[in-house]
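Trainee: Could you take me slowly through the salt bridges of this structure, with a close look at where the partners sit?

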Amino acid sequence: MENRLYCGDNIEVLEKIEQESVDLIYIDPPFFSNRQYEVIWHDEAEIRSFEDRWEGGIENYIAWMRPRVSAMYKALKSTGSFYLHCDWHANAHLRIMMDEIFGRSNFRNEIIWQRTTHPKGSQFEAKKLGVATDSIFWYAKTDNYTFNLKEIKRKLTPEEITIKYPKIDNNGRYCVAPIIRSASMGERPNLVYEYKGYKSDVYGWRMTKEKLIELDKKGNLGWTKNKAPFRKLRTEDDEGEPMYNLWTDIPRAGTGEILGYPTQKPEALLERIIKASSNEGDVVLDAFCGCGTA
C-alpha cells in the first residue's frame, strides 16, 4: 500500500483493502453543491470538468456516501482517526450518518477551517452572509487513538510576538518568567542552593544548579533592580499557541501549489491533520482525492 494511487470507483477498491490496516483516513468527497466545475488545463485549450450534481436530492447523496464510509470504517485500525471534509450543503446530513457508523461517543471535533477571507459573490445581492469556511468532522474509531497534540500548534504572528515578548536585550526579544519555585509547587530541598549571592527559599529553584549555570551562559537569566532572578524566555523556543477547532491560519492553496484543480486543498491543511493523527511510517488513505493534494 506504500505510495499507491488507485484509479476507479473507490467502493470497489475499498472492498479489497484489508480490514483494520489503515491508520488515518482523510476524505474530501463531493459536497452536494449541485455545481459543475470546469477548468482550463495547462495547455489553455483542454477543458476538464466534473459534476457535483445528484438526481433525487440529499437522500440519494447520503445513500451513495454511506457504503463508502462504512467500508472505510472497516479498513481503519482501532487506533485510527477519520476526517471528513465538507461544507454547508450537506454537513448536517453527513454528521448524522457519521454518528450512526462510528457512534456518537467517537465524535471528537467539528473543525471549522476558514478557507478564505473574501467569499465569492455579493452577500448583499444574495441577502445572506458570504461563506468563508468549511467543516471537517473528526472521528476516532475507539478511545485508543493516535493524537499528537504538539503537532497542532499555531505559529505566532509578528504582532503577537511583539506583544508576548515585549522586552529586548542583546540576544533579541524575551519575556520574563519565574525561575524560583512557588509555594504551590511544594518544597524541593534538593533544589535549594545559592547562586551569585542569591539563595532560594525552601521551595527551591526550578532547575538544578548545573542547568541554571548553562541558562545563564546563554544569556537567559536576568536580575531585577532588587537583585531577584528571573528567566528570559525567547521567541525561538516558542512552539506556538495551542490549536483549537477554529483554524484561521491556513489560507487556501497558494501560487506555488496550484495545479488547476478547482477544489484543491492546501498542503498545510493536510500536513496538520496527518501530523496530528498519525506517526511516521503509518498508512494514510484519501479515498476520494477530492482535495487533489493528499
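Mentor: In this predicted model, Lys-218 forms a salt bridge with Glu-214, and their closest N and O atoms are 3.7 Å apart. Lys-218 counts as exposed, at 54% relative accessibility, while Glu-214, with a relative accessible area of 45%, is partly exposed. Elsewhere, salt bridges that share partners join Lys-164, Asp-238 and Glu-241 into one network. Within that network, the side chains of Asp-238 and Lys-164 meet at 3.0 Å, N to O; Asp-238 lies in the loop between β13 (229-234) and β14 (241-242) and Lys-164 in helix α5 (residues 158-164), so this pair ties together parts that are 74 residues apart in sequence. Both residues are partly exposed, Asp-238 with a relative accessible area of 22% and Lys-164 at 34% relative accessibility.

Another salt bridge brings the side chains of Arg-108 and Asp-143 together, again with 3.0 Å from N to O. Because Arg-108 belongs to strand β5 and Asp-143 to the loop between β6 and β7 (153-154), the contact links parts that are 35 residues apart in sequence. Arg-108 counts as buried at 18% relative accessibility, whereas Asp-143 is exposed, its relative accessible area being 64%. As for the surroundings of Arg-108, strand β5 (residues 107-114) runs antiparallel to strand β6 (residues 133-140), to which 7 bridges join it, and Asn-109 stands opposite Trp-138 in β6. Strand β5 also pairs in the parallel sense with strand β15 (residues 246-247), over 2 bridges, where Trp-113 has Trp-247 as its bridge partner. The pairs described here are among the 18 salt bridges found in a search of the whole structure.

Terms used
Residues are numbered from 1 along each chain as its sequence is written. This is a predicted model: local features need pLDDT of at least 70, side-chain atom pairs count only at pLDDT 80 or more; totals for chains, interfaces and linings use all residues. Side-chain values use heavy atoms; hydrogens and water are left out. Two strands pair if DSSP finds at least two bridges between them. Helices (H or I, at least four residues) and strands (E, at least two) are DSSP runs, numbered from the N terminus. A salt bridge is a side-chain nitrogen of Lys or Arg within 4 Å of a carboxyl oxygen of Asp or Glu. Buried means under 20% relative accessible area, exposed over 50%, partly exposed in between (1.4 Å probe, protein chains only).
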